[in-house]
Structures are given as C-alpha cells and as structure tokens.
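Biologist: I've got a fresh model open and I'd like to walk through it with you. Shall we start with how far to trust it?

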Amino acid sequence: MFRFGPADAPRILEHLLALDADDRLLRFSHGIRDEGIAAYVATLDFARDHVHGLGTAQGDIVALAHVAVRDGEVDFGLSVTATHRQRGLGRALFNHVIALARLHGAGRIVCHSVSPAVLHMAAASGFRRPGGSHTAPLTLDLRAESHAGDDAHPCPAPSAVSLAAA
C-alpha cells in the first residue's frame, strides 16, 4: 500500500481517466466527464486526506482509495482498474479505509458508493443504512463498535497484495 502525494497527481489523473463510463458512475456515484475528473484531482488535499493505492512495477496505479476525514466522520471512494479486479485489491483498500478511520478516531464511516462490489464489502463489514432507509448511505458506526466490548471484531491490518503477476 502506498500513500500518494502531490507529485503523484498526474498518475492519479491517468488512473481515473482510464475508468470507463460505467466505472466512473460506480466510483463517483454519478456520471463524470474528463473535465470533472481533472477538477477533482486538482482539489485533492494530500496533507489533510489520505490517498492510497497499489501500483505495478512500471508505476501504473491499479487500485486507488481517497479517504477524507472530516469532523469525526470518514468518507471514501475506491477504484480498481478492470484488468486487476478479482485479486483482492478492492478488499485490501476497503479494509485499509476502515483501519484508517479507527486510527484517526473517527466515529463513523459513510459509504456513498453505488458499486455492487463496494456495497457487498460494506454490508459484510457491518455497514447499515440509518433507520433502514434504502436511500440513505451505508454507514459503519465505530462508536457503537468500540462500546461492544468483546463482541467487537477488530479490522485486520491492510493486507499485502502482490502484483508480481501484473
């Protein structure tokens, strides 16, 4: 897992621009054109947020997570290139998001994704829709989890994923 900085913005832009229209919808929860992605990358605050990912030996980003911590709440976005899916990279990033939230003392993680893969991981990790509303974003209440005592399941550390076969 690598934490990206401002010098990595061109590679991040390249990764996100390579997403097709369907993947952009799943990543950003709405259709977004190249100009919108460029504006998004230009506003990344690498000092405040966590932009992590995985890459190939050639330096291509194949999996990316943007984690924003605001007022005790974490919001995130994930993307994995089509050619690198089904290898556990998304799960590694997802687990990393949860570990970062705990590390930063966040009380809650919010998942706005419409990606079936992310929604599946969220549900399996205990995320729920507040009040049972099917339109509400999935959330994981870490405060309740920390009060659960022995019933709480700690999040595993981000797993090392080999891209040697990439």
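Biologist: Which residues have a pLDDT that stays under 50?

Modeller: This is a predicted model, so confidence comes up before anything else, pLDDT being the predictor's confidence in each residue. The chain averages 85, and 87% of the residues score at least 70. One stretch stays under 50, though the model still has 25 contacts there beyond four places in sequence. That stretch is residues 148-166.

Biologist: OK, on to the sheet. Which strands are at its edges?

Modeller: It's an open sheet of six strands with mixed pairing, in the order 1-2-3-4-5-6. An edge strand pairs on one side only. Here those are strand 1 (2-3) and strand 6 (138-141).

Biologist: And which residue is the bridge partner of glutamate 73?

Modeller: Look at strand 4 (residues 73-80) and strand 5 (residues 108-111), which run parallel and are joined by three bridges. Follow glutamate 73 across to strand 5, and its bridge partner is arginine 108.

Biologist: Which strands does helix 1 touch?

Modeller: Helix 1 (residues 9-17) packs on the sheet, with its direction at about 110° to that of strand 3. Helix 5 lies across strand 4, strand 5 and strand 6, at about 150° to strand 5. As for helix 1, the strands touched are strand 1, strand 2 (50-55), strand 3 (61-70) and strand 4.

Biologist: How are helix 1 and helix 3 oriented to each other, roughly parallel or roughly antiparallel?

Modeller: Their axes come within 10 Å and cross at roughly 150°, with helix 3 being residues 34-42. Angles over 145 degrees count as roughly antiparallel. So helix 1 and helix 3 are roughly antiparallel.

Biologist: How many nonpolar residues are in the contact of helix 1 with helix 3?

Modeller: Helix 1 brings Ala9, Ile12, Leu13, Leu16 and Leu17, while helix 3 brings Asp34, Ile37, Ala38, Tyr40 and Val41. In that group one is charged and no residue is polar. The nonpolar count is nine.

Biologist: Last pair! Is the crossing of helix 4 and helix 5 left-handed or right-handed?

Modeller: The axes of helix 4 (residues 89-103) and helix 5 (residues 116-124) come within 11 Å and cross at roughly 50°, so the two helices are oblique to each other. Gly90, Arg91 and Phe94 in helix 4 meet Val118, His120, Met121 and Ala122 in helix 5. Those residues divide into four nonpolar, two polar and one charged. As for the crossing, helix 4 passes helix 5 in a way that is right-handed.

Conventions. Residues numbered from 1 in each chain as written. Predicted model: local features only at pLDDT ≥ 70, side-chain atom pairs only at ≥ 80, totals over all residues. Heavy atoms only, no water. pLDDT = per-residue confidence, 0-100. Contact = heavy atoms within 4.5 Å. Axes fitted to C-alpha atoms, helices over the stretch in contact; angles between N-to-C directions. Helix = DSSP H or I, 4+ residues; strand = E, 2+ residues; numbered from the N terminus. Parallel < 35°, antiparallel > 145°, perpendicular 65-115°, else oblique. Left-handed = near helix turned anticlockwise from the far one by under 90°. Nonpolar A, V, L, I, M, F, W, Y, C, P; charged D, E, K, R; others polar. Pairing = 2+ DSSP bridges.
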